[in-house]
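Please open the structure in your viewer and keep the selection panel at hand. The tour below proceeds one selection at a time.

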Amino acid sequence: MSTGLHLKPDVVEAASTLLGEMKAAASSLSYAALLTDDGFDVARYPVKSDGERFAGMASSMQALGDAVAHELSIGDSEYIIIASGKGHVVQLRVPGQELVLSALFDNDATVGHALAVTRSFAQKAADLLA
Amino acid sequence: MTMDVQRVTAEPPPPTVDFPVTVGWTQAAMAVQAVLSLGTPVHLRMDIEGHGPLLIDFRHHAFSWSTPLEDFPVDAVHTGLQTVPTSADAPPYFELPGQDLDGLLWQMGINAFGGGPAFWLSPGERYRLTRWPNLTRHSHDLRHVRMIAVLGNAYASTTELAAFADVEVSEAQRLINALSLMRILSRSAAAPAATMAPQAVEAKRDSLFARLRKRLGR
Amino acid sequence: MAEHVILFTGPMGAGKTTAIQSLSEIDVVRTEANNSERHIVDKATTTVALDYGEILVGSEEKVRLYGIPGQKRFNFMWTILKKRAKGMILLVNADAPDPLAELTFFLDEFRVLYDRGGVVIGVTRADVMAGPTLAEIYEALERTNPGLVIPVFTVDPRERDQMQNLLLTLVVNIEMRAAFGMPSVAGSR
């Protein structure tokens, strides 16, 4: 790939629309971001938030998850969950793309529901970009 | 087995040579030091038996020589040394970039003066490093690294350096000669003696450096 | 177990991952992603979290080698990684757009490692492009960090011998600083 997806206006626009739809589908969603594997912010919800720093962190976390899975010989890391007192972060790779979808849900959502929503929208992102 | 090396007396100098030199790197180092400290606008040409002419362009801090520094002829016989006047706007002495002069000064300094002090150094002085030599480009061993690290962190005389770094005085002297010729030492007659922390003296042979060095087989 | 943490810093493309691979005795833990900035630095992948390698010195002692991701957007990793480090190997590629600016930037950013132990600088890819001379590098260091006598070597991160020299120079320099009363205690058990 010569140019990052974050630099393609049509991808950025489609990704922003998709994250808006994700919020409409899950009211417990408080933040979501699509980012490149190497930590560039492609789109985020809410749009006005600062996504750069989070995109970097999410990509590091994804790579560390992969490194741990590789070290333990358990295949590729499928998703990463950070559960905390005030919410959960669910993060997974967009199938077939060098993209990661990372989403923060408040405690109104169960971890299972958060994972199901994120997985379904990661697939939608994959379909959109295929 | 030792080989008898017959030193050949220099033949009468060819017309271009200013004065004959038969002694070797000591004389060469003296000439280089004189040019560097006086800032005289000259190039130097040295003729070394069996090794072709060695040309030095001080303004470009470069030298040109067909003999690679890895094969530095420690005991070579110098047959001539010539200064060639130049000026700030004159073309370089040879096609640039040539080789970095520091590499030659390192070898010259280490091999001149037979382990005694360079003639421009004075008794009673202490030395401290002003910048590190680029060791990747100079043939060296880890005793050199250790000595240079001492000089990077404390003023030391030659004998103090030898004691701090656990090496022979002549070895410390050769390094000081080289660093001085490279002009990366500051010299002071007034700097007080440094003291090494007692635990460091104790740990010298069992420092991480020593353990790692052993581990890496260096 | 005694451990000594050495951090490899410097911009993207300086050769940090390669340097750690040259030195490490274990398979290096790498966290690489495809690089989407190939128009800026032309390499296929880039480190996004850390590299990790180690040298076992004895049965009870390890030198841990950590590499940072070079891009500024990962500076939260820098904060994490610099916490335990005692020394730094700062690598700068001579063919970077402004090697001197990169060098002073990373030295500033990780200055605490100089104060805590020591720093050595390796200039990489000097065979590809001449870049700044060592004299220019020392002038820049003197201007921005007067009084620091930091070793600066040209190195090829693929060459194990050269990287071992850099590492040993860092270690002995940290120890000598401590020995002569500088504020550092690294290197002795």
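How many salt bridges does the rule find across the interface of chain B and chain C? The number is 2, in a model that is predicted.

**First selection: Arg211(B) and Glu61(C).** These two residues form a salt bridge, and their closest N and O atoms lie 2.6 Å apart.

**Second selection: the interface of chains B and C.** Display the residues in contact: 36 come from chain B and 37 from chain C. Between the two chains an area of about 3,100 Å² is buried, and carbon and sulfur atoms give 65% of that area. Within the share that chain B buries against chain C, highlight Trp132(B), Asn153(B) and Leu208(B), which supply 22%, more than any other three residues. Polar contacts may be drawn next: 15 residue pairs are found across this interface, both residues at pLDDT 80 or more.

Now colour the side of chain B that touches chain C by element. Strand S6 (126-129), helix H3, helix H6 (198-203) and helix H7 of chain B each supply at least two residues to that side. Of the elements, H3(B) gives the most, with 7 residues. Coloured by class instead, this side of chain B shows 19 nonpolar, 8 polar and 9 charged residues.

**Third selection: helix H7 of chain B, residues 208-215.** Its buried residues are Leu208(B), Phe209(B), Arg211(B) and Leu212(B). They lie on the same side of H7(B), because the arc they cover around the axis is only 165°. Two of these names have appeared above: Arg211(B) as the partner of Glu61(C) in a salt bridge, and Leu208(B) among the three residues that supply 22% of the area chain B buries against chain C.

What covers the buried residues of H7(B)? The cover includes, from chain B, helix H3 (142-153). From chain C it includes strand S1 (2-9), strand S3 (45-58), strand S4 (61-67) and helix H6 (160-179). Step past the end of the helix to Gly217(B), which follows H7(B) and has a positive phi, near 65°.

**Final selection: the whole of chain B.** Shown as a cartoon, chain B has 7 helices and 7 strands. Along the sequence they follow the pattern α-β-β-β-β-β-α-β-α-α-α-β-α-α. Of the 218 residues in chain B, 51% are buried. A contact map of chain B may be consulted alongside: among contacts between residues at least 6 apart in sequence, 75% join residues at least 24 apart.

Key. Residues are numbered from 1 along each chain as its sequence is written. Chains are lettered from A and ligands numbered from 1 in the order in which they are written. This is a predicted model: local features need pLDDT of at least 70, side-chain atom pairs count only at pLDDT 80 or more; totals for chains, interfaces and linings use all residues. Side-chain values use heavy atoms; hydrogens and water are left out. Buried means under 20% relative accessible area, exposed over 50%, partly exposed in between (1.4 Å probe, protein chains only). Helices (H or I, at least four residues) and strands (E, at least two) are DSSP runs, numbered from the N terminus. The arc is that of the directions from the helix axis to the C-beta atoms. Contact means heavy atoms within 4.5 Å. Buried area is the accessible area (1.4 Å probe) that two parts lose on being put together, summed over both. A salt bridge is a side-chain nitrogen of Lys or Arg within 4 Å of a carboxyl oxygen of Asp or Glu. A polar contact is a pair of N or O atoms within 3.5 Å; within protein, one must be able to donate a hydrogen and the other to accept it, and residues adjacent in sequence count only if both atoms are side-chain atoms. Ala, Val, Leu, Ile, Met, Phe, Trp, Tyr, Cys and Pro count as nonpolar, Asp, Glu, Lys and Arg as charged, and the others, Gly among them, as polar.
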